[in-house]
Amino acid sequence: MVGGPYYNVFLGRKDGLSSKFQIVDTSFPIPKMSLSQIISMFTDKNFSIQEMVALTGSHTIGFAHCKEFSNRLFQFSKNSEIDPTLNPRYAKGLRDLCVNYTKNPSMAAFNDVMTPGKFDNMYYLNLQRGLGLMSSDTAMWVDERTKPFVKLYADNQTKFFEDFARAMEKLSLYKVKTGRQGERSDFNFMPNEGLEAIM
Ligand code: HEM
């Protein structure tokens, strides 16, 4: 619907037998992590740095709440109120948006300020212009380990779409449960029961 590439969504990932919100925080990257920590989260799971950069191109849509990037806007450091890697006009707009975010925590900004509702390679072009929203986004352009891939995808949307699609398929198979692992609803399912319910 937003214009991204097609990729296969394989059928039938089974549910795990437990679900704990504490585990989410330890297995997902967050913007205040260093890029080295973020890279490790991906490479530990057998995703390459290039796959990480391609997947994070998802930040071409959606939004983030002010608390995820407010450290860049207010009292950033001793020398600078605002993160100097941010485009100054963009930073001013974000400051105006987030000025009351502690009182109003639902305030959020588009991840991609230029084409927020379109799945395209604008995320990578934005990074090169100081328009990355979270510090983890900007880091991808600043750091030499990720910069070549940001350049590649900024210059070539087709390549981004191909690599993104392949990496999403790989992600969907990550730790996939097979055989008797997970919720075995497939063993309990009786096709006739379903049909009776419809008829
Ligand atoms: C590289 C490290 C990453 C970090 C630090 C990160 C962090 C975040 C944060 C903090 C938000 C905002 C959440 C909120 O305020 O509600 C966000 C939004 C989002 N992220 Fe990431 N992310 C990363 C990589 C990824 C990857 C790999 C994907 C997809 C494969 C992804 C897809 C998205 C999407 C679609 C949104 C928008 C959600 C919405 O609009 O509700 N991100 N990300």
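Biologist: Which residues of helix 4 are buried in this predicted model, and what do they pack against?
Modeller: Happy to start there: helix 4 spans residues 88-98, and its buried residues are Tyr 90, Ala 91, Leu 94 and Cys 98. Viewed down the helix axis, the buried residues fall within an arc of 100 degrees, so they line one face of helix 4. The element that these buried residues pack against is strand 2 (108-110).

Biologist: And which residues are exposed on the other side of helix 4?
Modeller: Exposed here requires over 50% relative accessible area. On that other side of helix 4, the exposed residues are Pro 88 and Arg 89.

Biologist: At the start of helix 4, which backbone nitrogen does a side-chain oxygen of Asn 87 reach?
Modeller: Good one to check in your viewer! The side-chain oxygen of Asn 87 comes to within 2.9 Å of its partner. That partner is the backbone nitrogen of Arg 89.

Biologist: Which protein residue is the donor of the iron atom of the ligand?
Modeller: Look in the loop between helix 3 (49-56) and strand 1 (63-65), where His 59 is found. Its NE2 lies at 2.1 Å from the iron, and a donor has to be within 2.8 Å of the metal. The only protein donor is His 59.

Biologist: Pro 29 has a "binding site" annotation in an unreviewed UniProt entry; is Pro 29 buried or exposed, or partly exposed?
Modeller: Pro 29 sits in the loop between helix 1 (21-27) and helix 2 (35-43). Leaving out residues up to four places away in sequence, Pro 29 touches Ile 38, Met 41 and Phe 42. Because its relative accessibility is 35%, Pro 29 counts as partly exposed.

Key. Residues are numbered from 1 along each chain as its sequence is written. This is a predicted model: local features need pLDDT of at least 70, side-chain atom pairs count only at pLDDT 80 or more; totals for chains, interfaces and linings use all residues. Side-chain values use heavy atoms; hydrogens and water are left out. Helices (H or I, at least four residues) and strands (E, at least two) are DSSP runs, numbered from the N terminus. Buried means under 20% relative accessible area, exposed over 50%, partly exposed in between (1.4 Å probe, protein chains only). Contact means heavy atoms within 4.5 Å. Donors are N, O and S atoms within 2.8 Å of the metal (3.2 Å for Na, K and Ca); water is not among the atoms, so sites may look incomplete. The arc is that of the directions from the helix axis to the C-beta atoms. A polar contact is a pair of N or O atoms within 3.5 Å; within protein, one must be able to donate a hydrogen and the other to accept it, and residues adjacent in sequence count only if both atoms are side-chain atoms.
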